[in-house]
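Let's take a slow walk through a protein model. Have the 3D view ready to turn, and keep the sequence within reach.

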Amino acid sequence: MNQFSYVRPTNLKAAIDAVAKDNARFIAGGTNLLDLMKSGVVIPEKLVDINRLPLKDIQLNEGTLHIGSLVLNSDLAAHELIKTHHPLLSQALLAGASQQLRNMATVGGNIMQRTRCSYFYDTTMPCNKRNPNSGCGAIGGINRMHAIFGASDSCIAVHPSDMCVALAALDATVLVTGPKGNRRIPFTDFHRLPGNTPQLDNNLGKGELITAIEIPANTFTKNIYYLKVRDRASYAFALVSVAAALDIRDGVIQGARLAMGGVAHKPWRLPDAEKALTGKAPTTENFRIAANIAMQSAKAYKHNMFKPALALNSIQTALQKAATV
């Protein structure tokens with residue numbers, strides 16, 4: 001690992017200034033960044049440890065849940081406000097990684113982790129995310145885990161986070177601060193599809209730092225389910241995951257939220273399927289119709305031809321389980 005300097009600022013301005021002026025990276029839990037450094041994929045000259053910043057609060061303000069970016073994933077999953085008001089988020093967090101990683105990973109770090117595949121880590125192979133315009137080893141290589149939505153000729157990697165799938169479904173907002181001040185980014189606009197610039201995973205500017213996540217009040221507290229299909233039960237990325245939330249009253253779906261993981265370069269929201277469910281009865285047939293609508297634009301590659309069918313069945317299963325909670 002290359003040598004680097006290390007600083008621990010105690011206020012936001014100092015942290016932002018430290019990153020804006022150098023080849024520097026913020027670090028909190030370091031569960032993704034340290035892997036990238038050890039592999040030689042990222043070589044920062046400075047690490048700016050933000051763990052002393054006052055960003056560890058979880059508060060409910062007039063129905064809106066405010067979550068500081070330094071809250072640990074394990075603490076967030078177990079917090080009573082989360083389990084009471086947004087149980088879908090708690091389920092997704094508990095499906096992610098391992099207990100050891102959840103004890104270190106922060107909310108902001110989880111959101112900022114790189115969209116990646118095995119070719120990204122292998123510095124002997126071409127990867128447009130790691131080295132722009134070098135090519136994509138996955139497109140003509142082993143692509144079993146890769147995207148079926150929103151991919152491009154530059155990249156077919158998938159976003160790995162479970163937490164982010166739930167946040168996309170729950171209409172969360174990302175609060176950021178940086179050299180130009182504060183701004184709010186709808187969660188579904190935070191991460192990017194690869195297009196011609198797959199090296200850009202998100203829409204943060206230089207020196208900007210995630211300070212919090214806000215989730216608006218909603219009625220999705222009962223009929224919810226997070227389904228994760230993976231090769232093994234622990235510490236494995238999803239082949240397909242589905243965050244499903246239904247507002248069922250008097251036998252009718254008043255509203256629906258659906259998002260998927262393991263299928264695109266970013267958490268993949270399913271608005272057309274949500275619309276198809278609204279106003280309908282929570283039946284197997286209506287869930288099948290919604291799932292088919294969700295899968296209309298799916299495109300598979302040589303080794304993941306199974307994924308569209310797996311995704312279709314996973315949507316139906318998640319909806320069925322959510323409806324019967």
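We'll go through the sheets, then a helix, then the empty spaces, the cysteines and a couple of loops. Keep in mind along the way that this is a predicted model.

Start with the smaller count of strands. Three of them, in the order S1-S3-S2, make up an open sheet, and the pairing is parallel. At the edges sit strand S1 (5-7) and strand S2 (24-27), each with a pairing partner on one side only. Going from one strand to the next, the twist averages 25°. If you zoom in on S2, you'll find it joined to strand S3 (residues 46-49) by 4 bridges, with the two running parallel. A handy pair to look for here is Phe26, which stands opposite Val48 in S3.

Now turn to the other sheet. This open sheet has 5 strands, ordered S4-S5-S8-S6-S7, and here the pairing is antiparallel. Its edges are strand S4 (58-61) and strand S7 (181-186), and each of these pairs on one side only. Leaving direction aside, neighbouring strands in this sheet are turned by 25° against each other on average. Notice how far apart in numbering some partners can be: strand S5 (residues 64-68) and strand S8 (residues 209-215) run antiparallel and are joined by 4 bridges. Within that pairing, Leu65 stands opposite Ile215 in S8.

Next, a helix. How many of the 9 residues of helix H5 (residues 87-95) are buried? The count is 7, so to put it plainly, by the under-20% cut-off for buried, H5 is mostly covered. The buried ones are Pro87, Leu88, Leu89, Ser90, Ala92, Leu93 and Ala95. Just after H5 comes a small detail of the backbone: Ala97 takes a positive phi of about 50°.

What about the gaps between atoms? Rolling a probe the size of a water molecule over the atoms shows where empty space is left. In this model, the count is 1 cavity of 30 Å³ or more. The largest cavity holds about 80 Å³ of space. Its lining is made of 15 residues, and those nearest the centre are Cys117, Cys127, Lys129, Cys136 and Cys155. Sorted by class, the lining of this cavity has 10 nonpolar residues, 4 polar ones and 1 charged one.

There are open pockets to look at too. The second largest pocket takes in about 320 Å³ of space. It is lined by 21 residues, with Arg116, Cys117, Ser118, Met145 and Phe237 lying nearest its centre. Cys117 may ring a bell, as it is also named among the residues nearest the centre of the largest cavity. Helix H8 (residues 118-121) gives the largest share of the pocket lining, 3 residues. By class, this lining splits into 11 nonpolar, 7 polar and 3 charged residues.

With several cysteines already in view, it makes sense to ask about their bonds. A disulfide is a covalent bond between the sulfur atoms of two cysteines. How many disulfides does the structure hold? The answer is 0. Take Cys136: it is in no disulfide, and the nearest cysteine sulfur, that of Cys155, is 5.7 Å away. A pair counts as a disulfide when the sulfurs are within 2.5 Å, so that spacing does not qualify. Cys136 has a relative accessible area of 22%, so it counts as partly exposed. Cys164 is in no disulfide either, and for this residue the nearest cysteine sulfur, again that of Cys155, is 16 Å away. Is Cys164 buried or exposed? Its relative accessible area is 0%, so Cys164 is buried.

Finally, let's visit two loops. Ile142 lies in the loop between H8 and helix H9 (163-169). It counts as exposed because its relative accessibility is 53%, and the cut-off for exposed is over 50%. From Ile142 to Tyr226 the chain covers 84 residues, and their C-alpha atoms are separated by 28 Å.

The other loop runs between helix H12 (284-294) and helix H13 (307-323), and Met305 is found there. Met305 has a relative accessibility of 57%, so it is exposed as well. Between Met305 and Gly181 there are 45 Å in space, C-alpha to C-alpha, and the two are 124 residues apart in sequence.

Terms used: Residues are numbered from 1 along each chain as its sequence is written. This is a predicted model: local features need pLDDT of at least 70, side-chain atom pairs count only at pLDDT 80 or more; totals for chains, interfaces and linings use all residues. Side-chain values use heavy atoms; hydrogens and water are left out. Buried means under 20% relative accessible area, exposed over 50%, partly exposed in between (1.4 Å probe, protein chains only). On a 1 Å grid over the protein atoms alone, a cavity is a set of points where a 1.4 Å probe fits but cannot get out, and a pocket is an open set with protein on both sides within 12 Å along at least five of seven lines; lining residues have an atom within 4 Å of a point. Grid points are joined across faces, edges and corners, and a volume is the space filled by probe spheres set on the points. Ala, Val, Leu, Ile, Met, Phe, Trp, Tyr, Cys and Pro count as nonpolar, Asp, Glu, Lys and Arg as charged, and the others, Gly among them, as polar. Two strands pair if DSSP finds at least two bridges between them. Axes are lines fitted to C-alpha atoms, for helices over the stretch in contact, and angles run from 0 to 180 degrees between N-to-C directions.
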